[in-house]
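Take a look at the model below. This report starts at one residue and works outward.

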Amino acid sequence: MRTPEGFGAFYEEHIDAVLGFVTRRVADPHLAADLTADIFLAALKDAAGYRPDRGVPIAWLYGIARNVLASHARAGARERGAMERLSGRRLLDDQDVAALEERIDAQRAFRELAGRHAALSEPLRAALDLVVVDGLTPAEAAQALGVTQATVRVRLHRARRALRTPAAPSEHPAPVSAPAPAHQLEVAR
């Protein structure tokens, strides 16, 4: 990976996997291409830091990809915040609301699962996504996350259990009011 020819071969070998990783998280094809280029640029800059004894190259690349995507998301959030402060917001009309309600109703099951997925802590969600969505083994996911394989397995177990368990209507039941004192009961009679 330290020579141009070697990195070129490395790029050819892993471009499809990295592009798949990015396109599962980004809908815009131009942005996906830019982020993929940024990931390989970061890999090229950090090629000296890659240690083959710590795992497979794709797990190392996925670790870089997670950092690049997180950095992009933070920059996007800052930009959206600035744009919202600079411009007013368009109000939804009745037609917009009706279209949104139809879409919401049509995707209820997906939203419930996505909500449970989003409610997972970042460590659980990251382990689950790397193994289930990106197809890494727990060992490779552990390398990408910088944790032990046992930690990844525990996180996978907890994440899967949380996704199987539908959210209760309320995690904190309404408090039951205490019975009224006897002197109040007498007044009410």
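Alanine 127 lies in helix α6. This is a predicted model. Is alanine 127 buried or exposed? Its relative accessible area is 0%. Buried means under 20%, so alanine 127 counts as buried.

What does alanine 127 touch, leaving out residues up to four places away in sequence? The list is Leu145, Val152, Arg155 and Leu156. Alanine 159 is 32 residues away from alanine 127 along the chain. Even so, the C-alpha atoms of the two alanines are separated by 8.4 Å.

Now move from the residue to its helix. Helix α6 covers residues 122-133, and helix α8 covers residues 149-164. Their axes come within 8 Å. They cross at roughly 95 degrees. Angles of 65 to 115 degrees count as roughly perpendicular, so that label fits α6 and α8.

Which residues make this contact? The table gives both sides.

| Helix | Residues in the contact |
|---|---|
| α6 | Pro123, Leu124, Ala127, Leu128, Val131 and Val132 |
| α8 | Val152, Arg155, Leu156, Arg158, Ala159, Arg160 and Leu163 |

Alanine 127 is thus on the α6 side of the list, and alanine 159 is on the α8 side. By class, the contact of α6 with α8 has ten nonpolar residues and three charged ones. It has no polar residues.

Helix α6 also takes part in the largest pocket. This pocket has a volume of about 440 Å³. How many residues line the largest pocket? There are 14. Nearest its centre lie Arg25, Arg66, Glu122, Arg125 and Asp129.

Which helix supplies the largest share of the lining? Helix α6 does, with six residues. Helix α3, residues 57-86, also supplies at least two. The classes in the lining are seven nonpolar, one polar and six charged.

Finally, step back to the whole chain. The chain has 189 residues, and 27% of them count as buried. Alanine 127 belongs to that buried group. The secondary structure comes to nine helices and zero strands. From the N terminus on, each element in the run is therefore an α.

Last, consider contacts in the chain with a separation of 6 or more. What share of them joins residues 24 or more positions apart? The share is 60%.

Technical notes:
Residues numbered from 1 in each chain as written. Predicted model: local features only at pLDDT ≥ 70, side-chain atom pairs only at ≥ 80, totals over all residues. Heavy atoms only, no water. Axes fitted to C-alpha atoms, helices over the stretch in contact; angles between N-to-C directions. Helix = DSSP H or I, 4+ residues; strand = E, 2+ residues; numbered from the N terminus. Parallel < 35°, antiparallel > 145°, perpendicular 65-115°, else oblique. Contact = heavy atoms within 4.5 Å. Nonpolar A, V, L, I, M, F, W, Y, C, P; charged D, E, K, R; others polar. 1 Å grid on protein atoms, 1.4 Å probe; cavity = no way out; pocket = protein on both sides within 12 Å on 5 of 7 lines; lining within 4 Å. Points joined across faces, edges and corners; volume = space filled by probe spheres on them. Buried < 20%, exposed > 50% of the residue type's maximum accessible area, 1.4 Å probe, protein only.
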